[in-house]
Amino acid sequence: MSYNDKILARYDASMDDEFEREMLYRSIAISYTWAIWLLYIAFAVLAWVLPGVYAILVILPIAALIIAMATGDSWLRKRAPYPRLNGYSKLEQCLMVLISLAVIAGVIWNLSSIMDRDFSIGGAIGALAGIAASAFILKYLTTHQRRKDRERLDAQLDED
Amino acid sequence: MTTQSGGTNTVRKFRRWSELSQAELAERTGVSRQTIANIEKGNYSPSVYLALSICKVLDRTVEEVFGEEQD
């Protein structure tokens, strides 16, 4: 039994019937979304309050979040296609971009005293381009990924 | 949505008797082929609504398809 299976078994065993279990998993989806928002805000705060070169350490919790999300995605994609990205309001999208900008600005502001000015500007432009590009292509990428996953999973099925 | 093991069922048998592919049954019940495949394998217990929809398409009763006493 893998660690992921143990996690699921533990969650399943913590409830008595299927209704309670479904409510539990729904509450976890809510917790997950809130955790991501609060972590984004924490990244921005860390990027500004960590002094000097230590601001770059904000990468550590970001990497931890990315690894955790990748672990869940990997588990999911062995069983069901990648979820489509929709339902995010303009306000949520704007908040996400603003917080990302705050993280980048904080890191660059902290590093500006020890980094070459041109390097800082280059980094800022690169990060902004990355945010802008991801805002435009993320929906396309997730839709494409979902279609590819469905094709792959269908191909793995037994004879019809 | 139920995710625990669904045990045995005769969806595959009755689907084949109806000369339907997994994809066709999936389309008629409004779900993905993965869902039908996992129901057939007993990896997933469908909701009452999906189970009824499957039984309607297969022209069988719920007892015949998902009942405890099966061939």
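In this predicted model, the largest nonpolar core holds 13 residues. B:Val11, B:Leu25, B:Ile36, B:Ile39, B:Ile54, B:Leu58 and B:Val65 are the members with the most contacts inside this core. Helices α1 (11–17), α2, α3 and α4 (48–58) of chain B are the elements that give two or more residues to the core, and α4(B) gives the most, with 4 residues. In soluble globular proteins, nonpolar side chains tend to be buried together.

A good way into this core is through B:Val11. With neighbours within four places in sequence left aside, B:Val11 is in contact with B:Leu25, B:Ile39, B:Ile54, B:Leu58 and B:Val65, and also with B:Glu40 and B:Phe66. Apart from the core in chain B lies another one, of 11 residues, which includes A:Ile36, A:Val103, A:Val107 and A:Leu111.

The surroundings of the chain B core can be described briefly. Chain B has 5 helices and 0 strands, giving the pattern α-α-α-α-α along the sequence. Of the 71 residues in chain B, 42% are buried. Among the chain B contacts with a separation of 6 or more, 60% join residues that lie 24 or more positions apart.

One helix pair of chain B deserves a closer look. Helix α2 (residues 22–29) of chain B packs against helix α3 (residues 33–41) of chain B at an angle of about 110°, and their axes are 8 Å apart. An angle from 65 to 115 degrees counts as roughly perpendicular, and α2(B) and α3(B) are therefore roughly perpendicular to each other. Their crossing is right-handed. On the α2(B) side the contact involves B:Gln22, B:Ala23, B:Leu25, B:Ala26 and B:Thr29, which meet B:Arg33, B:Ile36, B:Ala37 and B:Glu40 of α3(B). Sorted by class, this contact of α2(B) with α3(B) comprises 5 nonpolar, 2 polar and 2 charged residues.

B:Glu40 invites a second visit. This residue belongs to helix α3 of chain B. Its relative accessible area is 11%, so B:Glu40 falls under the 20% limit and is buried. Beyond the neighbours within four places in sequence, B:Glu40 is in contact with B:Asn9, B:Val11, B:Arg12, B:Arg15 and B:Gln22. B:Gln22 is also one of the α2(B) residues in the contact between α2(B) and α3(B).

Chain A offers helix pairs of its own. Helix α2 (residues 18–49) of chain A and helix α4 (residues 90–111) of chain A pack at an angle of about 25°, with 7 Å between their axes. Because angles under 35 degrees count as roughly parallel, α2(A) is roughly parallel to α4(A). The crossing of these two helices is left-handed. From α2(A), the contact draws on A:Trp37, A:Tyr40, A:Ile41, A:Phe43, A:Ala44, A:Ala47 and A:Trp48. From α4(A), the participants include A:Leu95, A:Met96, A:Ile99, A:Val103, A:Val107, A:Trp109 and A:Asn110. The class tally for the contact of α2(A) with α4(A) is 15 nonpolar, 2 polar and 1 charged residues. A:Val103 and A:Val107, both among the α4(A) residues of this contact, are also members of the 11-residue core.

Helix α2(A) has a further partner in helix α1 (residues 3–13) of chain A; the two pack at an angle of about 125°, with axes 9 Å apart. That angle lies outside the ranges for roughly parallel, antiparallel and perpendicular, and α1(A) and α2(A) are therefore oblique to each other. Here A:Leu8, A:Tyr11 and A:Asp12 of α1(A) meet A:Arg21, A:Leu24, A:Tyr25 and A:Ile28 of α2(A). By class, the contact of α1(A) with α2(A) has 5 nonpolar, no polar and 2 charged residues.

Two loop residues of chain A complete the account. A:Tyr54 sits in the loop between α2 and α3 of chain A and, at 52% relative accessibility, counts as exposed. A:Tyr54 and A:Asn110 are 56 residues apart in sequence, while their C-alpha atoms are 8.4 Å apart in space. A:Leu85 lies in the loop between α3 (59–77) and α4 of chain A, and its relative accessibility of 29% makes A:Leu85 partly exposed. Not counting residues up to four places away in sequence, A:Leu85 touches A:Leu138, A:Lys139 and A:Thr142. A:Val58 is 27 residues from A:Leu85 in sequence and 26 Å from it in space, C-alpha to C-alpha.

Terms used:
Residues are numbered from 1 along each chain as its sequence is written. Chains are lettered from A and ligands numbered from 1 in the order in which they are written. This is a predicted model: local features need pLDDT of at least 70, side-chain atom pairs count only at pLDDT 80 or more; totals for chains, interfaces and linings use all residues. Side-chain values use heavy atoms; hydrogens and water are left out. Axes are lines fitted to C-alpha atoms, for helices over the stretch in contact, and angles run from 0 to 180 degrees between N-to-C directions. Angles under 35 degrees count as roughly parallel, over 145 as roughly antiparallel, 65 to 115 as roughly perpendicular and the rest as oblique. A crossing is left-handed if the near helix is turned anticlockwise from the far one by less than a right angle, and right-handed if clockwise. Contact means heavy atoms within 4.5 Å. Ala, Val, Leu, Ile, Met, Phe, Trp, Tyr, Cys and Pro count as nonpolar, Asp, Glu, Lys and Arg as charged, and the others, Gly among them, as polar. A nonpolar core is a set of buried Ala, Val, Leu, Ile, Met, Phe, Trp, Tyr and Cys residues joined through side-chain atoms within 4.5 Å. Buried means under 20% relative accessible area, exposed over 50%, partly exposed in between (1.4 Å probe, protein chains only).
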